[in-house]
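Reader: I would like a close look at one part of this model. Please take the helices and the charged pairs around them, and go residue by residue where you can.

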Amino acid sequence: MVIRAAKMEDLPFITKIGEECYQPEEAVTEANYKERIQIYPDHFWILEENGEIASFINGPVIKKDRIQDCLFHHADLHDPAGEWQAILGVNTSPKYQKRGYASLLMKRLIADSKKQGRKGCILTCKDILIAYYENLALKMK
């Protein structure tokens, strides 16, 4: 297993996993993923298992401690000098779910954010996932 920064050649695989993880009306477009990889590849982590992309997490660095809807469609709002690591998506291919990969990516993102001197990480999620992320945050303290 390897965790690394996203590369442009990952785009078709990232897009496919995103489509598998979201309802069509919620899915991130290939163009949005492409822009994110172009603008903040070091804030777009990929987890590979046996050379195959199994999971990914991504988001811009921002100055505010709240995620605004515009961040989902405007990667150019990424601010390397920002204090907060936003998380716009944590996606795991159905083939690789229930193996703890999302947790591993969260741990890596948090560790990288601490090294960069960020105040913290912020995310938005569906109500059904709040307990999962709260539990994960408690485990990482």
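Author: What follows starts with confidence, then takes the helices and the salt bridges, and ends with the last helix.

The model is predicted. Mean pLDDT for the protein chain is 90. Of the residues, 94% score at least 70. Confidence varies by element. Strand β1, residues 2-5, has the highest mean pLDDT, at 98. Helix α4 has the lowest, at 66. Where pLDDT is low, the predicted coordinates should not be read in detail.

Start with helix α1, residues 11-21. Its buried residues are L11, I14, T15, I17 and G18. They sit on the same side of α1, because they cover an arc of only 165 degrees around the axis. The face turned away from that buried side carries F13 and E19, both exposed. What lies over the buried residues of α1? The cover includes helix α2 (30-39) and the strands β2 (44-49), β3 (52-58) and β6 (89-92).

Now turn to α2. Here N32, Y33, R36 and I37 are buried. Seen down the axis of α2, these residues fall within an arc of 135 degrees, so they line one face of the helix. Their cover includes α1, β2, β3 and β6. The two helices thus appear in each other's lists: α2 helps cover the buried residues of α1, and α1 helps cover those of α2.

One residue of α2 deserves a closer look. R36 is in this helix. How accessible is R36? Its relative accessibility is 3%. R36 counts as buried because that value is under the 20% cut-off. Leave aside its neighbours within four places in sequence, and R36 is in contact with V28, P41, F44, N58, F72, A75 and L88. Of these contacts, F44 can be placed in β2 by its number. N58 falls in β3. K119 makes a useful distance marker. R36 and K119 are 83 residues apart in sequence. Their C-alpha atoms are 22 Å apart in space.

Next, the charged pairs. Side chains of opposite charge can pair when their charged atoms come close. How many salt bridges does a search of the whole structure find? There are eight. Three can be taken in turn.

The first to consider joins D10 and R4. Their closest N and O atoms are 2.8 Å apart. Is D10 buried or exposed? D10 is buried, with a relative accessible area of 5%. R4 also counts as buried, at 15% relative accessibility.

Another salt bridge pairs E52 with K95. Here the closest N and O atoms are 3.1 Å apart. This pair links distant parts of the chain. E52 is in strand β3, while K95 is in the loop between β6 and α3 (101-115). The two are 43 residues apart. E52 is partly exposed, with a relative accessible area of 33%. K95 counts as exposed, at 51% relative accessibility.

A further salt bridge is formed by K63 and D79. Their closest N and O atoms are 3.5 Å apart. Both K63 and D79 lie in the loop between β4 (61-62) and β5 (84-87), so the pair ties together parts that are 16 residues apart in sequence. K63 is exposed, with a relative accessible area of 54%. D79 counts as partly exposed, at 22% relative accessibility. Salt bridges that share partners also build one network, made of R4, D10 and E48.

Last comes α4, residues 130-139. Recall that its mean pLDDT is 66, the lowest among the elements of the chain. Y132 is found in this helix. Y132 is partly exposed, with a relative accessible area of 34%. Which residues does Y132 touch, not counting those up to four places away in sequence? They are A102 and S103. S103 is 29 residues from Y132 in sequence. In space the two are 9.8 Å apart, C-alpha to C-alpha.

Y132 also takes part in a nonpolar surface patch. Its partners there are I128 and L129, and the patch measures about 310 Å². I128 lies in the loop between β7 (120-123) and α4. At 73% relative accessibility, I128 counts as exposed.

Terms used
Residues numbered from 1 in each chain as written. Predicted model: local features only at pLDDT ≥ 70, side-chain atom pairs only at ≥ 80, totals over all residues. Heavy atoms only, no water. Helix = DSSP H or I, 4+ residues; strand = E, 2+ residues; numbered from the N terminus. Buried < 20%, exposed > 50% of the residue type's maximum accessible area, 1.4 Å probe, protein only. Contact = heavy atoms within 4.5 Å. Patch = residues over 30% accessible without salt bridge, like charges linked within 9 Å, V, L, I, M, F, W, Y side chains within 5 Å. Areas by Shrake-Rupley, 256 points an atom, 1.4 Å probe, with all protein chains shown as cover. Salt bridge = Lys/Arg side-chain N within 4 Å of Asp/Glu carboxyl O. pLDDT = per-residue confidence, 0-100. Arc of directions from axis to C-beta.
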